[in-house]
Amino acid sequence: MSVFVAVDQIEKVFNLSGGGQYIALKGIDLEIKKGEFVSLIGHSGCGKSTLLNMIAGLDLPTEGVVTLEGDRVTRPGPERMVVFQNYSLLPWMTVRENIALAVDEVLVDLSKAERQAIVEQHIQLVGLQHAVDKPPSQLSGGMKQRVAIARALAIRPKLLLLDEPFGALDALTRGNLQERLMQICEESQVTAVMVTHDVDEAVLLSDRIVMLTNGPSSKIGSILDVDIPRPRKRMDVVNHPSYYSLRSEIIYFLNQQKRIKKLRAKKSGATARHGLEKVNLEMGFVPLTACAPLIVAKEKGFFDKHGLDEVSLVRETSWRGIVDGIAGNYLDAAQMPAGMPVWLTIGGNQGTPLPVVSALTMTRNGNAVTLAKKFYDKGILNAADFKRMLLDSAEQEHTLGMVHPSSMHNLLLRYWLAAGGIDPDRDVTLKTIPPAQMVADLKAGTIDGYCVGEPWNLRAAIEGAGVTVATDLEIWDGHPGKVLGVREDWAAAYPNTHIALVKALLEACRYCADANNGEEIRHILARREYLSTSVDYIYLGDPNSHVCNIDQPMREYAHHQFFGDGLNRPSRTEHLWMMTQMARWEDVPFPRNWVEILERVCRVSVFSTAARELGVLDMKYHRGPIQLFDDIPFDAEDPIGYLNSLSIKRDFSVAEVAIDGRRPVTAG
Amino acid sequence: MTATLPNRATVSSRDRIQALLKHPAANIALPIIGILLFLTIWEVLARIGLIALPSPIQVLTDERSNYLIMNPFFYNSDLDQGLFLQTMASLKRVAIGYGAAAIVGIAVGILVGNSPVIDKMFDPLFQFLRMVAPLAWVPIALAALRQNEPAALFVIFITSIWPILINTAVGVREIPQDYKNVAKVLRISNQKYFFKVLIPSALPYIFTGLRIAIGLAWLAIIAAEIVMSGVAGIGFFIWDAYQQNYVTEIIVAVVYIGAVGLVLDRLVLFIQKRIAPGQ
């Protein structure tokens, strides 16, 4: 359908009384189709009401235009009727008079009798026959808003604009009115834009949800399509499979905005000290056993030792939080899944290449594949059994969880499935779930299994929710797990800080690798501000010696490797392998300029400087060829040839990735 | 246990006072007691000679004042007539001056309230003129108009216009943005906006102004009449009585003035309640 309302490159600047300017909105683009219900959601002060007012014409944009059916909006008018948050009924008129005032003024072409009929009809529509002659002061909030809605609908607007219409109402009244509004909108095919800060309300009523970022210069953060069929009923909506993912998407967005605001307020620029360009660092991590080096560096004073005395660790619940933090430039550095630096650099995040460099591999191994208990009960004890089961029950849909497209879990799980003849996109469904949520999802039965780092495999096993069917030993022993990632522009701006950071973490890695420190580290990790879990689930080494019997012979455990010969040095070959795997599943194109990308991502020189200054020069350089369980050789000289040789893959593309901000040019 | 007893006693005495105040007769009986108390103190003070004023009983019994009290309607000449008639003459002036002030004040107030430019332009002037005491206007009025009667009307007008004007302007300025937005979205005609939105919304403010103004107008007329000799009216009556040292007469006239002021205030309040009930 054609565009009904178009908001085109809107910018709104307010002049402050002090003489300054406040840019409320910037670069807002929005197209609304006829009959669509669109919600604007965001924190207070994000300019959502301002945007609504500009569509209404009550406020004019500083730049850009709003059009309704192609006509530019320059002033308010009844074809764009507004339902105000505080009802805006005239208190000296009765309900009927309030509605009649609007009808008489707008529908002047109709006869008096017709207008009266319309007023009565709309009073009935909102069920207020008993209160027609009462002034608004004698009505409850819900009734007043019903009058306001009746008044708005009675003049037959082309576009209905609702400014937090139910914000001031109690929950019960709000629920009733939402259903009523939804019904009315569906019956009379109204196009509507609603400002709200109620997530459930937005999901229930909207076809699309527009999420605005925090001001100043608010823009559209993202737009969600609500694919729940109409007519909707509240209970059906709540039970719809998309409901919770939509809801959590919005809540994630809003929380993220709140955090950005907080960090913005805190950010006071770079504090240079001890010959370092910046010592106040915000470091992101996701609570996993593998985050031990970061936490140890903080707790055991390795950051301080190397001059970084203002490091604060920022706990993210998901890898997406890390991506947003690095992309939004409010995290200085982060623990990343091994594939993330390359993934971000090639443009995995919304197609925009964001050069990120890595100078340290912090951990290897520590991952496993866990399957729900029900499979164990069916006698599926290992990878081979699972594959057979998957192939046998192809008609059944199996959902597996992984943590991020660029994480080793995803790449290894896919590789492992594909090597067994299972197409990871067609034969099973892979779902991105934050690590800490895996066990809950497994228990709820929404996923059948997952591939994730510890402690979540062990925890599922101990709690009896699932069984570990494969560990790194069966897939790729010694694969890179988590790496240190920083933005390339950050690394360029703070070179000495970067080296100091690598030194601190490398020392922390060495500390973690010493078995004598195991107990201490386990207890540090278990603390509330880090993993916030029972210490029983956390093992740096082999848990078999501690956990006597977890219902089945625990397989040989691929314990974390933190430090050792060739372990920590960033490896171009490994990054290249991950690059091929991400291209294989069409997540990102394979970069034609892969040599250049690898050069830029892998900061071996930073690592070498750090290692030399720490006096660990004796670390071996070469790790040898990449060896996975299926013994297919990986030729680092010919990655495209390698990709072509794989049987199960998507139609991957090869493209030149221009990594100075320009979009990649796709070339088939 | 024992500690709570005195507590309970004070509570109960407070309760008793509450009950007393709620009793219907309290509204009439208590003010009467207050007035009687006041009159008694006055009587005593006058008797022992602490103040040189006649006592209340003297006022009632004195021949001249007694005649005035008993005959409010007699008429000998313009300057020699009953106090009711004198009051009516003053009230007539108030009605004209105050009426004009209300019309002009509300009209200008709406103009000022609607236009920030005019508001900025004249607000300091209004604030300045508002502070000029009614009596100060008298010589100016006399000099400008050269006649007692129009000068008296002008003094009332100029005294009572400011609260009306300023309050109306505030009322118009303070029309909630919501109502204005509704009017804008519906594109309500100017005429309809004026009568259906502007006036009803500003009405409580306008009445506040009118109520303050009626008190001031009544204040001003007495002051004006005292200064402008030779016009019939209760103000001049007081001045005349003072010149002839009839203090009891002055006291009777003062009672009239107070009573009329009270009645006028209540009258405006009554009208306000009828036209613009509490919103």
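**Helices, sheets and rings**

Reader: Helix H4 of chain A lies across S6 and strand S7 of chain A, so at about what angle does H4 run to S6(A)?
Author: Helix H4 (residues 141-154) of chain A lies across S6 and strand S7 (159-163) of chain A. Helices (H or I, at least four residues) and strands (E, at least two) are DSSP runs, numbered from the N terminus. Axes are lines fitted to C-alpha atoms, for helices over the stretch in contact (heavy atoms within 4.5 Å), and angles between N-to-C directions run from 0 to 180 degrees. H4 runs to S6(A) at about 180 degrees.

Reader: What kind of model is this?
Author: Residues are numbered from 1 along each chain as its sequence is written, chains are lettered from A and ligands numbered from 1 in the order in which they are written, and side-chain values use heavy atoms, with hydrogens and water left out. Local features need pLDDT of at least 70, side-chain atom pairs count only at pLDDT 80 or more, totals for chains, interfaces and linings use all residues, and the model is predicted.

Reader: Which strands stand at the edges of the sheet S6-S7-S8-S3-S9-S10 in chain A?
Author: This is an open sheet of 6 strands with mixed pairing, and two strands pair if DSSP finds at least two bridges between them. Its twist averages 20 degrees from one strand to the next. An edge strand has a single partner, so one side of it has no neighbour in the sheet, and here that goes for S6 and strand S10 (220-225).

Reader: In S8(A), what is the bridge partner of Ser39(A)?
Author: Strand S3 (residues 37-41) and strand S8 (residues 191-196) of chain A run parallel, joined by 5 bridges. Across in S8(A), Ser39(A) has as its partner Met194(A).

Reader: Which residue in S20(A) does Ala334(A) stand opposite?
Author: Let's hop to another open sheet: 5 strands of chain A in the order S12-S11-S13-S20-S14, again mixed. In it, strand S13 (residues 333-337) and strand S20 (residues 480-487) of chain A pair in the antiparallel sense over 5 bridges. Opposite Ala334(A) you'll find Gly485(A).

Reader: Which helix of chain A packs on the sheet?
Author: Look for the helix touching strand S11 (280-285), S13, S14 and S20 of chain A. Its direction makes about 5 degrees with that of S14(A), and it covers residues 495-513: helix H20.

Reader: Are H9(A) and H20(A) roughly parallel or roughly perpendicular to each other?
Author: Helix H9 (residues 292-299) of chain A packs against H20(A) at about 105 degrees, with axes 8 Å apart. The contact has 11 nonpolar, no polar and no charged residues; Ala, Val, Leu, Ile, Met, Phe, Trp, Tyr, Cys and Pro count as nonpolar, Asp, Glu, Lys and Arg as charged, and the others, Gly among them, as polar. Angles under 35 degrees count as roughly parallel, over 145 as roughly antiparallel, 65 to 115 as roughly perpendicular and the rest as oblique. H9(A) and H20(A) are therefore roughly perpendicular.

Reader: How are H2(A) and H3(A) set to each other?
Author: The axes of helix H2 (residues 95-106) and helix H3 (residues 112-125) of chain A come within 10 Å and cross at roughly 130 degrees. Among the contact residues are Arg96(A) and Ile99(A) of H2(A) and Arg115(A) and Ile118(A) of H3(A). The two helices are therefore oblique.

Reader: Which kind of pair do the rings of Trp92(A) and Tyr179(B) make?
Author: Rings of Phe, Tyr and Trp (its six-membered ring) pair if their centres lie within 6.5 Å; planes under 30 degrees apart count as stacked, over 60 as edge-to-face and the rest as tilted. By this rule there are 14 aromatic pairs over all chains. The centres of Trp92(A) and Tyr179(B) are 5.4 Å apart and the planes at 85 degrees, so the pair is edge-to-face.
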